[in-house]
Amino acid sequence: TMALAVMLSLCPLHSCDSGPSLSHRLMFDAGSQFILQWTADIPKKMLRLCATAQCSEHQYISLGFGGGYKMQDMDMVAAFLEEDGTAVTRTYYSETPVGFPTGRPTMEIRNVSQVFDNGTAHLCFTRPFHTGHHPIQDGTFVSWAIGSLWDDDMDDHGMQRGTQKVQFLSARAGSEL
């Protein structure tokens, strides 16, 4: 496939994100409790992100950066468990607003951790500001989705999705948006 895979081991709940706590918190969806937290390290030009959502072990959670219209022109990260329980995080690039993302992914992610525990998924990673098709800046469109799996990869997300602009660089520290 075109996706870049990062194989992971599961980490104990609440130990996935080591280091300082994240500065900002944004509730994307109250129904699924899809929450994005982040800290922008401006001198190092790095963004640390953690996404948390209620979902089953047979679903994925994903974040997309860029575009603005559905999935079109989005750098994406998805986390899920394969049928054998292997934790997987993959990057994708979607050139079209619908369908499976088949573009060439160029977004680099580091320090990846994920856990699915008791109906909650946690995904944390760091990405340099200037990687992928869309650099991190204020007003970056961020999409989120929860969807089903098919053949150990993403399938349809149905209606559990959304997109909004995020002020990654200028949000006040400790803000809950």
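## A tour from one buried ring

Begin by selecting Phe65, which counts as buried because its relative accessibility is 0%, and buried means under 20%. Keep in mind as you go that this is a predicted model, and that every value quoted on the tour was computed from it.

With Phe65 still selected, show the side chain of Arg127 as well, and you will find that its charged end sits over the ring of Phe65, 5.0 Å from the ring centre.

Next, add Phe168, which is also buried, with a relative accessible area of 1%. The rings of Phe65 and Phe168 have their centres 6.4 Å apart and their planes at 45°, so this pair is described as tilted. Since Phe65 belongs to strand E5 (residues 59–66) while Phe168 lies in the segment after E11, the pair ties together parts of the chain that are 103 residues apart in sequence.

Which other aromatic pairs are there to look for? The structure holds 4 aromatic pairs, and another of them joins Phe168 to Trp38, with ring centres 5.3 Å apart and planes at 80°, so that this pair is edge-to-face. Here too distant parts of the chain are linked, for Trp38 is in strand E3 and Phe168 is in the segment after strand E11 (161–167), 130 residues away. Trp38 itself is buried, with a relative accessible area of 0%.

Now stay on Trp38 and look across to the neighbouring strand, where Leu49 in E4 stands opposite Trp38. The two strands concerned, E3 (residues 34–41) and E4 (residues 46–54), pair in the antiparallel sense over 7 bridges. As background, strands of a sheet pair through backbone hydrogen bonds, in either a parallel or an antiparallel arrangement.

Widen the selection to the whole sheet, and you will see 5 strands forming an open sheet in the order E2-E3-E4-E9-E8, with antiparallel pairing. Which strands stand at the edges of the sheet? They are E2 (24–29) and E8 (110–117), and because each has a single partner strand, one side of each is left without a neighbour in the sheet. If you follow the sheet from one strand to the next, the twist averages 15°.

For the last stop, select Phe28, Phe34 and Trp144 together, since these three residues form one aromatic cluster.

Methods
Residues are numbered from 1 along each chain as its sequence is written. This is a predicted model: local features need pLDDT of at least 70, side-chain atom pairs count only at pLDDT 80 or more; totals for chains, interfaces and linings use all residues. Side-chain values use heavy atoms; hydrogens and water are left out. Two strands pair if DSSP finds at least two bridges between them. Helices (H or I, at least four residues) and strands (E, at least two) are DSSP runs, numbered from the N terminus. Axes are lines fitted to C-alpha atoms, for helices over the stretch in contact, and angles run from 0 to 180 degrees between N-to-C directions. Rings of Phe, Tyr and Trp (its six-membered ring) pair if their centres lie within 6.5 Å; planes under 30 degrees apart count as stacked, over 60 as edge-to-face and the rest as tilted. Buried means under 20% relative accessible area, exposed over 50%, partly exposed in between (1.4 Å probe, protein chains only). A charge sits over a ring if NZ of Lys or CZ of Arg is within 6 Å of the ring centre and within 35 degrees of the ring normal.
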